[in-house]
Amino acid sequence: MVSQDIELTYPPPTAVPRWRPTFAVLRPWLNRPLGLFGALLIAMLIIVAVAAPVIAPYSGELFSGGRLESPNNAHIFGTNNLGQDVLSRTIYGAQISVAVAVSATTLGVGIGTLLGIISAYSGGMVDLLIQRAMEVLASFPGIVLALVVISALGRPRESGHNVFVIAWQLRSLEIAVSLGFMFGVMRLVRSSVLKERSLAYIEAATTLGASHFRVMFRHILPNCFPVVIVAYTSIIGGVILIEASLSFLGYGVSIGTPSWGMDLSNRNREYFLNAPWLLLAPGAALSLTVLGFNFLGDALRDILDPRLRGSR
(Lines give C-alpha, C1' and ligand atoms only; values in the text may rest on other atoms or scores of the structure.)
Protein backbone atom coordinates (compact mmCIF):
# COMPACT_ATOMS: atom_id res chain seq x y z
CA MET A 1 0.00 0.00 0.00
CA VAL A 2 1.13 3.49 -0.78
CA SER A 3 0.99 5.65 2.23
CA GLN A 4 -0.21 9.13 1.67
CA ASP A 5 0.27 12.00 3.99
CA ILE A 6 -3.10 13.20 5.15
CA GLU A 7 -3.22 16.83 6.09
CA LEU A 8 -5.46 17.32 9.01
CA THR A 9 -7.23 20.63 9.22
CA TYR A 10 -8.87 21.99 12.29
CA PRO A 11 -11.42 24.77 12.44
CA PRO A 12 -9.94 28.02 13.71
CA PRO A 13 -10.67 28.80 17.34
CA THR A 14 -13.68 30.94 17.85
CA ALA A 15 -12.75 34.35 19.17
CA VAL A 16 -14.59 35.44 22.28
CA PRO A 17 -16.11 38.88 21.76
CA ARG A 18 -14.68 41.51 24.03
CA TRP A 19 -18.12 42.59 25.16
CA ARG A 20 -19.08 39.14 26.47
CA PRO A 21 -17.27 39.39 29.87
CA THR A 22 -18.77 42.83 30.36
CA PHE A 23 -22.22 41.52 29.57
CA ALA A 24 -21.72 38.67 32.04
CA VAL A 25 -21.04 41.23 34.77
CA LEU A 26 -24.08 43.32 33.83
CA ARG A 27 -26.47 40.38 33.42
CA PRO A 28 -27.37 40.06 37.14
CA TRP A 29 -28.23 43.76 37.19
CA LEU A 30 -30.30 43.54 34.01
CA ASN A 31 -32.32 40.78 35.67
CA ARG A 32 -32.98 43.11 38.62
CA PRO A 33 -34.31 46.38 37.20
CA LEU A 34 -35.15 47.79 40.63
CA GLY A 35 -31.53 47.37 41.74
CA LEU A 36 -30.33 49.05 38.55
CA PHE A 37 -32.81 51.87 39.12
CA GLY A 38 -31.53 52.29 42.67
CA ALA A 39 -27.92 52.40 41.45
CA LEU A 40 -28.84 55.13 38.95
CA LEU A 41 -30.54 57.15 41.68
CA ILE A 42 -27.47 56.93 43.90
CA ALA A 43 -25.17 57.87 41.00
CA MET A 44 -27.33 60.94 40.32
CA LEU A 45 -27.24 61.88 44.00
CA ILE A 46 -23.44 61.75 44.10
CA ILE A 47 -23.13 63.80 40.90
CA VAL A 48 -25.55 66.43 42.24
CA ALA A 49 -23.72 66.61 45.59
CA VAL A 50 -20.25 67.04 44.05
CA ALA A 51 -21.36 69.47 41.33
CA ALA A 52 -23.88 71.42 43.45
CA PRO A 53 -22.15 74.84 43.03
CA VAL A 54 -22.33 74.38 39.26
CA ILE A 55 -25.82 72.86 38.98
CA ALA A 56 -27.73 75.01 41.48
CA PRO A 57 -29.25 78.13 39.88
CA TYR A 58 -28.67 80.17 43.06
CA SER A 59 -26.65 79.89 46.22
CA GLY A 60 -28.60 77.90 48.78
CA GLU A 61 -28.02 80.45 51.55
CA LEU A 62 -28.68 83.71 49.69
CA PHE A 63 -32.00 85.47 49.24
CA SER A 64 -32.86 85.15 45.56
CA GLY A 65 -36.52 86.19 45.40
CA GLY A 66 -39.58 87.31 47.28
CA ARG A 67 -41.02 85.48 50.27
CA LEU A 68 -43.07 82.36 49.55
CA GLU A 69 -43.14 82.78 45.77
CA SER A 70 -45.01 79.98 44.05
CA PRO A 71 -43.19 77.95 41.37
CA ASN A 72 -42.37 80.08 38.34
CA ASN A 73 -39.80 80.39 35.58
CA ALA A 74 -37.20 81.99 37.87
CA HIS A 75 -37.79 79.56 40.76
CA ILE A 76 -38.96 76.14 39.59
CA PHE A 77 -39.92 75.00 43.10
CA GLY A 78 -40.68 78.47 44.46
CA THR A 79 -39.03 80.20 47.42
CA ASN A 80 -39.28 79.74 51.17
CA ASN A 81 -40.39 82.20 53.82
CA LEU A 82 -36.96 83.90 53.69
CA GLY A 83 -36.91 84.29 49.92
CA GLN A 84 -34.39 81.49 49.28
CA ASP A 85 -34.72 79.29 46.20
CA VAL A 86 -36.11 75.88 47.26
CA LEU A 87 -34.51 73.97 44.38
CA SER A 88 -31.05 75.40 45.12
CA ARG A 89 -31.35 74.52 48.82
CA THR A 90 -32.41 71.00 47.89
CA ILE A 91 -29.41 70.59 45.58
CA TYR A 92 -27.00 71.88 48.22
CA GLY A 93 -28.73 69.69 50.80
CA ALA A 94 -27.51 66.65 48.88
CA GLN A 95 -23.99 67.55 50.04
CA ILE A 96 -25.00 67.20 53.69
CA SER A 97 -26.75 63.90 53.06
CA VAL A 98 -23.88 62.38 51.07
CA ALA A 99 -21.20 63.64 53.48
CA VAL A 100 -22.94 62.38 56.61
CA ALA A 101 -24.26 59.14 55.11
CA VAL A 102 -21.01 57.96 53.54
CA SER A 103 -18.76 59.05 56.42
CA ALA A 104 -20.98 57.78 59.25
CA THR A 105 -21.76 54.49 57.51
CA THR A 106 -18.09 53.88 56.65
CA LEU A 107 -17.07 54.60 60.23
CA GLY A 108 -19.78 52.47 61.84
CA VAL A 109 -19.51 49.53 59.44
CA GLY A 110 -15.70 49.62 59.56
CA ILE A 111 -15.47 49.54 63.35
CA GLY A 112 -18.32 47.03 63.62
CA THR A 113 -16.62 44.72 61.10
CA LEU A 114 -13.28 44.97 62.92
CA LEU A 115 -14.84 44.21 66.30
CA GLY A 116 -16.89 41.35 64.83
CA ILE A 117 -13.81 39.66 63.34
CA ILE A 118 -11.72 40.06 66.50
CA SER A 119 -14.55 38.91 68.76
CA ALA A 120 -15.44 35.78 66.77
CA TYR A 121 -11.86 34.74 66.00
CA SER A 122 -10.43 35.32 69.48
CA GLY A 123 -13.27 33.90 71.55
CA GLY A 124 -13.01 33.54 75.30
CA MET A 125 -12.65 36.64 77.44
CA VAL A 126 -12.03 38.94 74.46
CA ASP A 127 -15.30 37.86 72.87
CA LEU A 128 -17.14 38.27 76.17
CA LEU A 129 -15.83 41.79 76.82
CA ILE A 130 -16.57 43.03 73.30
CA GLN A 131 -20.07 41.55 73.39
CA ARG A 132 -20.95 43.09 76.75
CA ALA A 133 -19.53 46.50 75.82
CA MET A 134 -21.49 46.62 72.57
CA GLU A 135 -24.66 45.46 74.33
CA VAL A 136 -24.37 48.36 76.75
CA LEU A 137 -23.98 50.71 73.78
CA ALA A 138 -26.98 49.16 72.02
CA SER A 139 -29.19 49.53 75.10
CA PHE A 140 -29.61 53.25 74.32
CA PRO A 141 -32.07 54.25 71.58
CA GLY A 142 -30.24 55.50 68.48
CA ILE A 143 -31.63 59.03 68.53
CA VAL A 144 -31.03 59.44 72.29
CA LEU A 145 -27.45 58.18 71.94
CA ALA A 146 -26.83 60.56 69.04
CA LEU A 147 -28.19 63.52 71.05
CA VAL A 148 -25.93 62.65 74.01
CA VAL A 149 -22.83 62.36 71.80
CA ILE A 150 -23.56 65.62 69.97
CA SER A 151 -24.04 67.40 73.30
CA ALA A 152 -20.70 66.03 74.53
CA LEU A 153 -18.68 66.68 71.37
CA GLY A 154 -20.35 69.94 70.42
CA ARG A 155 -22.79 70.83 67.69
CA PRO A 156 -21.27 70.63 64.20
CA ARG A 157 -20.42 73.90 62.46
CA GLU A 158 -20.00 73.60 58.71
CA SER A 159 -18.99 76.17 56.12
CA GLY A 160 -18.13 76.03 52.46
CA HIS A 161 -19.61 74.14 49.54
CA ASN A 162 -17.16 71.24 49.16
CA VAL A 163 -18.64 67.89 50.08
CA PHE A 164 -15.28 66.59 51.41
CA VAL A 165 -14.77 69.64 53.64
CA ILE A 166 -18.32 69.34 54.94
CA ALA A 167 -17.70 65.66 55.76
CA TRP A 168 -14.78 66.65 58.02
CA GLN A 169 -16.62 69.55 59.66
CA LEU A 170 -19.60 67.35 60.52
CA ARG A 171 -17.48 64.68 62.22
CA SER A 172 -19.26 65.00 65.58
CA LEU A 173 -22.59 64.33 63.88
CA GLU A 174 -21.11 61.39 61.96
CA ILE A 175 -19.65 59.82 65.12
CA ALA A 176 -22.99 60.21 66.89
CA VAL A 177 -24.92 58.57 64.06
CA SER A 178 -22.43 55.72 63.55
CA LEU A 179 -22.72 54.50 67.14
CA GLY A 180 -26.37 53.64 66.64
CA PHE A 181 -25.85 50.72 64.24
CA MET A 182 -22.34 49.56 65.15
CA PHE A 183 -23.67 46.78 67.39
CA GLY A 184 -25.85 45.31 64.64
CA VAL A 185 -22.96 45.22 62.17
CA MET A 186 -20.69 43.61 64.75
CA ARG A 187 -23.19 40.82 65.49
CA LEU A 188 -23.78 40.20 61.78
CA VAL A 189 -20.07 39.95 60.97
CA ARG A 190 -19.40 37.88 64.09
CA SER A 191 -21.92 35.22 63.07
CA SER A 192 -20.39 35.06 59.59
CA VAL A 193 -16.85 34.75 60.97
CA LEU A 194 -17.91 31.94 63.33
CA LYS A 195 -19.05 29.92 60.32
CA GLU A 196 -15.84 30.59 58.40
CA ARG A 197 -13.57 29.83 61.36
CA SER A 198 -14.76 26.23 61.55
CA LEU A 199 -14.03 25.44 57.88
CA ALA A 200 -11.08 23.33 56.71
CA TYR A 201 -9.20 26.04 54.86
CA ILE A 202 -8.76 28.02 58.09
CA GLU A 203 -7.29 24.98 59.81
CA ALA A 204 -5.00 24.41 56.82
CA ALA A 205 -3.78 28.01 56.86
CA THR A 206 -3.09 27.81 60.60
CA THR A 207 -1.23 24.50 60.18
CA LEU A 208 0.97 26.03 57.48
CA GLY A 209 2.07 28.71 59.93
CA ALA A 210 -0.13 31.67 58.93
CA SER A 211 -0.34 34.33 61.62
CA HIS A 212 -3.63 35.23 63.27
CA PHE A 213 -3.61 38.63 61.56
CA ARG A 214 -3.19 37.00 58.15
CA VAL A 215 -5.90 34.43 58.82
CA MET A 216 -8.38 37.10 59.91
CA PHE A 217 -7.79 39.72 57.23
CA ARG A 218 -6.37 37.70 54.34
CA HIS A 219 -8.59 34.60 54.49
CA ILE A 220 -11.69 35.24 56.59
CA LEU A 221 -12.48 38.89 55.76
CA PRO A 222 -12.68 38.44 51.95
CA ASN A 223 -15.18 35.61 52.40
CA CYS A 224 -17.28 37.76 54.74
CA PHE A 225 -17.04 40.85 52.56
CA PRO A 226 -20.37 40.24 50.72
CA VAL A 227 -22.12 40.44 54.09
CA VAL A 228 -20.34 43.72 54.83
CA ILE A 229 -21.31 45.22 51.45
CA VAL A 230 -24.96 44.30 51.89
CA ALA A 231 -24.96 45.74 55.41
CA TYR A 232 -23.36 48.95 54.16
CA THR A 233 -25.92 49.59 51.42
CA SER A 234 -28.80 48.63 53.70
CA ILE A 235 -27.73 50.95 56.51
CA ILE A 236 -26.80 54.05 54.53
CA GLY A 237 -30.41 54.88 53.68
CA GLY A 238 -31.34 54.79 57.35
CA VAL A 239 -28.38 57.04 58.19
CA ILE A 240 -29.78 59.72 55.88
CA LEU A 241 -33.10 59.51 57.73
CA ILE A 242 -31.32 59.81 61.10
CA GLU A 243 -29.44 62.91 59.92
CA ALA A 244 -32.69 64.42 58.68
CA SER A 245 -34.36 63.59 62.00
CA LEU A 246 -31.57 65.22 64.01
CA SER A 247 -31.72 68.32 61.82
CA PHE A 248 -35.51 68.31 62.22
CA LEU A 249 -35.04 68.33 66.01
CA GLY A 250 -32.45 71.10 65.79
CA TYR A 251 -29.41 68.99 66.74
CA GLY A 252 -28.03 68.40 63.26
CA VAL A 253 -26.51 71.03 61.01
CA SER A 254 -26.57 74.66 62.08
CA ILE A 255 -29.64 76.78 61.39
CA GLY A 256 -29.70 78.21 57.88
CA THR A 257 -27.57 75.44 56.35
CA PRO A 258 -29.21 73.78 53.31
CA SER A 259 -30.35 70.40 54.58
CA TRP A 260 -33.33 68.24 53.68
CA GLY A 261 -34.19 67.65 57.32
CA MET A 262 -33.72 71.32 58.18
CA ASP A 263 -35.94 72.44 55.29
CA LEU A 264 -38.70 70.11 56.48
CA SER A 265 -38.59 71.58 59.99
CA ASN A 266 -38.19 74.93 61.72
CA ARG A 267 -40.50 77.69 60.53
CA ASN A 268 -41.17 76.04 57.18
CA ARG A 269 -43.73 73.79 58.86
CA GLU A 270 -45.95 76.81 59.48
CA TYR A 271 -46.36 77.37 55.75
CA PHE A 272 -46.83 73.82 54.44
CA LEU A 273 -50.60 74.18 54.03
CA ASN A 274 -50.43 77.49 52.18
CA ALA A 275 -47.13 76.79 50.38
CA PRO A 276 -46.90 73.01 49.77
CA TRP A 277 -43.97 73.45 47.38
CA LEU A 278 -41.75 73.97 50.44
CA LEU A 279 -41.88 70.26 51.25
CA LEU A 280 -42.13 68.90 47.71
CA ALA A 281 -38.47 69.13 46.63
CA PRO A 282 -36.67 68.15 49.89
CA GLY A 283 -39.27 65.49 50.70
CA ALA A 284 -39.03 63.92 47.23
CA ALA A 285 -35.22 64.03 47.31
CA LEU A 286 -35.13 62.35 50.73
CA SER A 287 -37.64 59.66 49.74
CA LEU A 288 -35.94 58.85 46.41
CA THR A 289 -32.51 58.64 48.03
CA VAL A 290 -33.62 56.22 50.74
CA LEU A 291 -35.58 54.22 48.15
CA GLY A 292 -32.53 54.04 45.88
CA PHE A 293 -30.29 52.70 48.64
CA ASN A 294 -32.93 50.13 49.64
CA PHE A 295 -33.28 48.88 46.06
CA LEU A 296 -29.49 48.75 45.67
CA GLY A 297 -29.07 46.85 48.93
CA ASP A 298 -31.70 44.27 47.99
CA ALA A 299 -30.08 43.70 44.58
CA LEU A 300 -26.60 43.31 46.07
CA ARG A 301 -27.94 40.82 48.61
CA ASP A 302 -29.45 38.71 45.82
CA ILE A 303 -26.32 38.91 43.65
CA LEU A 304 -23.72 38.25 46.34
CA ASP A 305 -25.61 35.58 48.29
CA PRO A 306 -25.31 32.27 46.35
CA ARG A 307 -28.52 30.97 47.98
CA LEU A 308 -30.50 33.87 46.44
CA ARG A 309 -28.55 34.28 43.21
CA GLY A 310 -31.04 32.39 41.08
CA SER A 311 -34.20 33.32 42.92
CA ARG A 312 -35.03 36.39 40.84
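This section describes the fold, two helices, the salt bridges and a few individual sites of a predicted model.

The secondary structure of the protein consists of 13 helices and zero strands. Read from the N terminus, the order of elements is therefore α-α-α-α-α-α-α-α-α-α-α-α-α, with helices and strands taken as DSSP runs. The protein has 312 residues, of which 42% count as buried. Its accessible surface comes to about 17,200 Å², and carbon and sulfur atoms account for 67% of that area. Among contacts in the protein with a separation of 6 or more, 68% are between residues 24 or more positions apart.

Helix α2 covers residues 33–50. Its 18 residues should span 26 Å at 1.5 Å a residue, and the end C-alpha atoms are 26 Å apart, which agrees. The buried residues of α2 are Gly35, Gly38, Leu41, Ile42, Leu45 and Ala49. These residues cover an arc of only 120 degrees around the axis, which puts them on the same side of α2. The face turned away from this buried side carries the exposed residues Pro33, Leu40, Met44 and Ile47. An α-helix has 3.6 residues a turn, so residues three or four places apart point the same way.

Helix α5 (residues 124–138) has 15 residues. From its first C-alpha to its last, α5 reaches 21 Å, close to the 21 Å expected at 1.5 Å a residue. Asp127, Ile130, Gln131, Met134 and Leu137 are buried in α5. Seen down the helix axis, the buried residues of α5 fall within an arc of 125 degrees, so they line one face of the helix. Gly124, Met125, Leu129 and Val136, on the other side of α5, are exposed. The cover over the buried residues of α5 includes α4, α6 (142–153) and α9 (182–197).

Side chains of opposite charge can pair when their charged atoms come close. A search of the whole structure finds three salt bridges. One of them joins the side chains of Arg190 and Asp127, at 2.8 Å from N to O. This pair links distant parts of the chain, with Arg190 in helix α9 and Asp127 in helix α5, 63 residues apart. Both Arg190 and Asp127 are buried. Asp127 thus belongs to the buried residues of α5, and α9, which holds Arg190, is among the elements that cover those residues.

Another salt bridge is formed by the side chains of Arg89 and Asp263, again at 2.8 Å from N to O. The Arg89 and Asp263 pair also links distant parts of the chain: Arg89 is in helix α4 and Asp263 in helix α12 (residues 260–263), 174 residues apart. Arg89 counts as buried because its relative accessibility is 4%, and Asp263 counts as buried because its value is 6%.

In the remaining salt bridge, the side chains of Glu135 and Arg132 meet at 2.8 Å, N to O. Glu135 and Arg132 both lie in helix α5, three residues apart, or about one turn of the helix. Glu135 has a relative accessible area of 31% and is therefore partly exposed. Arg132, at 38% relative accessibility, likewise counts as partly exposed.

The loop between α3 (52–55) and α4 contains Gln84. Gln84 is buried, because its relative accessible area of 5% lies under the 20% limit. Gln84 and Leu62 are 22 residues apart in sequence, while their C-alpha atoms are 6.1 Å apart in space. Leu68 also lies in the loop between α3 and α4. Leu68 has a positive phi of about 55 degrees although it is not a glycine. With a relative accessibility of 23%, Leu68 counts as partly exposed.

On the surface, Leu107, Ile111, Leu153 and Ile175 make a nonpolar patch of about 290 Å². Ile111 is placed in helix α4 (residues 86–122). The relative accessibility of Ile111 is 33%, so this residue counts as partly exposed. That value also meets the condition for patch residues, because these need over 30% relative accessible area.

Methods: Residues numbered from 1 in each chain as written. Predicted model: local features only at pLDDT ≥ 70, side-chain atom pairs only at ≥ 80, totals over all residues. Heavy atoms only, no water. Patch = residues over 30% accessible without salt bridge, like charges linked within 9 Å, V, L, I, M, F, W, Y side chains within 5 Å. Areas by Shrake-Rupley, 256 points an atom, 1.4 Å probe, with all protein chains shown as cover. Salt bridge = Lys/Arg side-chain N within 4 Å of Asp/Glu carboxyl O. Helix = DSSP H or I, 4+ residues; strand = E, 2+ residues; numbered from the N terminus. Buried < 20%, exposed > 50% of the residue type's maximum accessible area, 1.4 Å probe, protein only. Contact = heavy atoms within 4.5 Å. Expected span 1.5 Å × (residues − 1). Arc of directions from axis to C-beta.
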